[in-house]
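Me: Hi! Could you walk me through this model before I set up anything with it?

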Amino acid sequence: MQKSNASNLKRVFVWELPVRVYHWVNALVLVVLVATGFWIANPPAIQSSDEASLRYLMGWVRHIHFVSAYIFVFNFIFRLYWGFVGNRYASWKSFIPTNIHFFERIWSVLKVDILMIKDKRKGYHTAGHNAMAGLVYFGMFFVFMVSIVTGFGLYADMSTWFLPQMFDWVPHMFGGDAQVRHIHHVATWVTILFTVVHVYLVMYHDYVEGNGEVSSMFGGWKFMSEGYVEHTKEQQKNKKKKKELV
Amino acid sequence: MVNQRPTYYEEIERKGYSRRDFLKFCSMITAYMGASQLGIAQVAEAMETTPRIPIIWLHFQECTCCSESFIRSSHPIVADILMDQISLDYTETLMAASGHQAELAKEETMKKYKGEYILCVEGTVPTAENGVYCCIGGKTAHQVLEEAAEGAKAIIAWGTCASSGCVQAAKPNPTTATPIHKIIKNKPIVRVPGCPPIGEVMAGVVVHLVTFGTLPELDGSKRPKAFYSKRVHDSCHRRPYFDAGLFVETFDDENAKKGYCLYKVGCKGPVTYNSCGIIKWNNGVSNPIQSGHGCFSCSEDDYWDNGSLYSRTTGYAGFGIESDADEVGKIALGATAVGIGAHAVATNIRKRKLISDLIDEDETQKES
Ligand code: SF4
Ligand code: SF4
């Protein structure tokens, strides 16, 4: 781990506004989706002497689930787009391993944060998310896709709009709604487990490294040592030079 | 008689039905097929002009509930004309002939009407041990099916057995019971699932085939759209209670008496495509949900393996029969919490120095 110097911390702008907005919208709709999802799967027993025509509780819960799902989908699509136009911390390259160094960095993260042994290379330390986190987010990309595809698959037949209807093939492929529903549940649980671990690790990094990990998702800034900032600057210069040579 | 091939209308007349009866039948069946009013004339005309199409109806591993359902479909013409020995050239259960005579009749039909006859199949075909688990007339079901399918114009897979396997294909499926579309690949196949399918649905499919000479419009699972495009849940008369959030909690509670939604006592209507809520059963008298029992998804693939008949959740083999995604999820969540706790403790032990160094540093800076 880099010896950070409290006096020589520099502000680094990491998370652009669109990334932060994406993150919090995503967090909010996921909470709503999970809560309404469990409600729909197993609604609580509510006793009432009202006529059915006076109430629409289940209908509203489902409605909120569907509306949140749409927000989730378009927010997700927006983030994919931002992976191509955003800054280097938001770039798809920080999620998808394209070279062996990526895996070296992952190993380094595992050593330091999970096995808690010393690692001499400082490569893993970055202002953006570390290599391991990047790979896990990339995995979550697929889990989200599974949720979206199975969700629209179940929804398709109730809808008159072309977008959900495009997923009409899903139940036919998996052998019926029961299976699709099952997969939708599994994807939900993976998302829940991810969220729990994610929140914990953010706090852990904030605690151990003191770089402002938690607040960075609000303001966008992290505080990195001067050494780190200079090091990355140099790296970028080198990259530019290489490109010019080519 | 077979040589002249009378039209359906001629047969219907011969049976003593009036023109009025005939037209009633046409309008009923057209409505079931989901066609508009204009379709009635088309059906009537087709029945008057097209010579009847021979049907061969095979029975393999099954319980004959499909045939039972069919001959009880609400209009007598269905049973009389489409199902009795005149129209049906071969069916083990209902034909008069037996033994060699019957086999001969079948072979004759297959030869004479090659490429024209419709093959209806009830039941699955066992493929384990070379198919010895089901033999008819000295041949295995597999052989019988392939021979009959060879010259068929189209194949109708009746019921959940023929269309997806049903109980005999449930795990561990000892005879390797196989649905028809997994064996015959080169013929148009209509799957008409249900255990049994509703009689009127079956009649609708047959009439469509024989009158128009084409397959009805099918969905991605080869089911006729007219009958299988809606969930039981989306055509259920208890649906307002579902939307209101009013549920039966146990089968004997007050809510059950009031006719609330059966969702929480395991109704699988939300994952089942069938016409039970619309056409209903036994000449439209009632349907399972109307009589107070949840749907158990008899017309869906693998319905015996998709968890208990009284719950919508699918079990995992190896985690116990009752464990579903949510049970496993809860355990995983607990394990994660334990893991996080352990990690937090370890962090404070192993990285203590690191953290206290950071704090010290900060303090020395303040002093200087
Ligand atoms: S009884 Fe079953 S099919 Fe009817 S509304 Fe309730 S859950 Fe849906
Ligand atoms: S209500 Fe469900 S289980 Fe009952 S017959 Fe209809 S589809 Fe089958």
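Reply: Happy to; below we go through the chains, their interface and the ligand sites.

Me: Great. What should I know about the numbering and the cut-offs first?

Reply: This is a predicted model, where local features need pLDDT of at least 70 and side-chain atom pairs count only at pLDDT 80 or more, while totals for chains, interfaces and linings use all residues. Residues are numbered from 1 along each chain as its sequence is written, chains are lettered from A and ligands numbered from 1 in the order in which they are written, and side-chain values use heavy atoms, with hydrogens and water left out.

Me: Thanks! How many helices and strands does chain A have?

Reply: Chain A has nine helices and two strands, taken as DSSP runs numbered from the N terminus (helices H or I, at least four residues; strands E, at least two). Along the sequence their order is β-α-α-α-α-α-α-α-α-β-α. The C-alpha trace of chain A spans about 70 × 45 × 30 Å along its principal axes.

Me: And chain B?

Reply: Chain B comes to 14 helices and nine strands. Of its 368 residues, 52% are buried, meaning under 20% relative accessible area, with exposed over 50% and partly exposed in between (1.4 Å probe, protein chains only). For chain A, 44% of the 246 residues count as buried.

Me: Now the interface. How many residues of each chain are in contact?

Reply: 52 residues of chain A are in contact with 54 residues of chain B, where contact means heavy atoms within 4.5 Å. Together the two chains bury about 4,400 Å², 55% of it on carbon and sulfur atoms; that is the accessible area (1.4 Å probe) that two parts lose on being put together, summed over both. A:Met116, A:Trp189 and A:Tyr200 supply 15% of the area that chain A buries against chain B, more than any other three residues.

Me: What about polar interactions across the interface?

Reply: The rule finds 18 residue pairs in polar contact there, both at pLDDT 80 or more. A polar contact is a pair of N or O atoms within 3.5 Å; within protein, one must be able to donate a hydrogen and the other to accept it, and residues adjacent in sequence count only if both atoms are side-chain atoms. On the chain A side, H7(A) gives the most, with 17 residues. By class, that side has 30 nonpolar, 13 polar and nine charged residues. Here Ala, Val, Leu, Ile, Met, Phe, Trp, Tyr, Cys and Pro count as nonpolar, Asp, Glu, Lys and Arg as charged, and the others, Gly among them, as polar.

Me: How many salt bridges are there between chain A and chain B?

Reply: Two, a salt bridge being a side-chain nitrogen of Lys or Arg within 4 Å of a carboxyl oxygen of Asp or Glu. A:Asp157 forms one with B:Arg231, and their closest N and O atoms are 2.9 Å apart.

Me: I noticed B:His343. Is it buried or exposed?

Reply: B:His343 counts as buried because its relative accessibility is 11%. It sits in helix H13 (residues 325-350) of chain B. Not counting residues up to four places away in sequence, B:His343 touches A:Asp113, A:Ile114, A:Met116, A:Tyr200 and A:Tyr204.

Me: Switching topic: which residues are around ligand 1?

Reply: Among them are B:His233, B:Cys236, B:Arg238, B:Arg239, B:Cys261 and B:Cys267, using a heavy atom within 4 Å as the cut-off. The shell around ligand 1 has eight nonpolar, two polar and two charged residues.

Me: And ligand 2?

Reply: Its surroundings include B:Cys276, B:Trp281, B:Cys295 and B:Cys298. That shell divides into six nonpolar, four polar and no charged residues.
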